[in-house]
Amino acid sequence: MSGAVLVVVDLQNDFCDASAAARHGSDPAVLARAAGAAAGVVEQARAAGVEVVFVRFLGDVEHQGPSWRRRDRARGKRPKCVSGSGGAEFHGVVPGAGERVFTKYACFDAFLAEGFERHLRERGVVRLVFAGVFTDVCVDSTARTAFQKGFEVSVLTDCTTPLHLPEPLILSFMERVYGARLTTRADPELWAACPPTEEESSRPSLRPAGPVPVTSEWTPGSG
């Protein structure tokens, strides 16, 4: 095991299809390339024997906090990725048997999804390799927490795209502030082992002392 896991963020129809690009004012071609590359790197990780973890978003009104609802009312925004809708389905990729899917309920950060961090700790993960959308929203939110919790961060720049900020700005920010490694899916050392530093080797293990129950919010075929 390399100590790396591929984290695929919000690769869902409401965020990735042509109508989504039109709503967001994005260039459909840019979004399509990023989504296609993110789906492609899933197969690359599987071939390399690297675990793939999927994170999905559900934005139903009942999942939203008061501040989220106020913002949406003020801006005339409709919920995205509503439970059971086609917009909530994965885009261009299907989680395989045994691959974990974690659900964020009207929030950006995957660490707020039940079981996400526990799963990483139990698996002894060192590095999170990010693909999916959007670089400056959910990818950044999750990468920020990952860094603060001691994980190494890699961002596949050809497998993600921003929504609000210029791409060079958000990528340079992540590199400078989180120490993120910016690379692409063509990197031959992408899944190389990430050895612990001397300081980390002397620390007590971050793994829980006992067995950890792992919960899943979604299984293939459950929609």
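**View 1. Strands β5 and β6 run parallel and are joined by 3 bridges.** Strand β6 comprises residues 181-183. Helices (H or I, at least four residues) and strands (E, at least two) are DSSP runs, numbered from the N terminus. Two strands count as paired if DSSP finds at least two bridges between them. Within this pair, L156 stands opposite T183 in β6. Together with helix α7 (residues 167-178), β5 and β6 make a right-handed β-α-β unit. A crossover is called right-handed if, with the strands pointing away from the viewer, the path from the first strand over the helix to the second runs clockwise.

The model is predicted: local features need pLDDT of at least 70, side-chain atom pairs count only at pLDDT 80 or more, and totals for chains, interfaces and linings use all residues. Residues are numbered from 1 along each chain as its sequence is written, and side-chain values use heavy atoms, with hydrogens and water left out.

**View 2. Strand β5 also pairs with β4 (residues 127-133), in the parallel sense over 6 bridges.** One such pairing places V129 opposite its bridge partner S154 in β5. From β4 the chain passes through helix α6 (residues 135-148) to β5, again as a right-handed β-α-β crossover. Strand β5 itself (residues 152-161) is mostly covered, with 7 of its 10 residues buried. Buried means under 20% relative accessible area, exposed over 50%, and partly exposed in between (1.4 Å probe, protein chains only).

**View 3. The open sheet has 6 strands in the order β3-β2-β1-β4-β5-β6, with parallel pairing.** Strands β3 (100-105) and β6 stand at the edges, each with a single partner strand, so one side of each has no neighbour in the sheet. The twist from one strand to the next averages 25°. Strand β2 (residues 51-58) pairs with β3 over 6 bridges, and F57 stands opposite K104 in β3.

**View 4. Helices α3 and α5 both touch strands of the sheet.** Helix α3 lies across β1 (4-9), β2, β4 and β5, and runs at about 130° to β5. Helix α5 (residues 116-123) packs on the sheet and touches β1, β2, β3 and β4; its direction makes about 175° with that of β2. Contact means heavy atoms within 4.5 Å. Axes are lines fitted to C-alpha atoms, for helices over the stretch in contact, and angles run from 0 to 180 degrees between N-to-C directions.

**View 5. The largest nonpolar core has 62 residues.** A nonpolar core is a set of buried Ala, Val, Leu, Ile, Met, Phe, Trp, Tyr and Cys residues joined through side-chain atoms within 4.5 Å. The residues with the most contacts inside this core are L6, F116 and L128. Its largest share, 8 residues, comes from helix α3 (residues 28-47). Leaving aside neighbours within four places in sequence, L128 is in contact with residues including V5, V7, F111 and F151.

**View 6. Three loops hold unusual backbone features.** Most residues other than glycine have a negative phi, and most peptide bonds are trans. A cis peptide bond, with omega of about -10°, joins V133 and F134; F134 lies in the loop between β4 and α6. In the loop between α4 (66-75) and β3 is C81, whose phi is near 55°. C81 is buried, with a relative accessible area of 0%. A106, in the loop between β3 and α5, has a phi near 50° and counts as buried at 9% relative accessibility.
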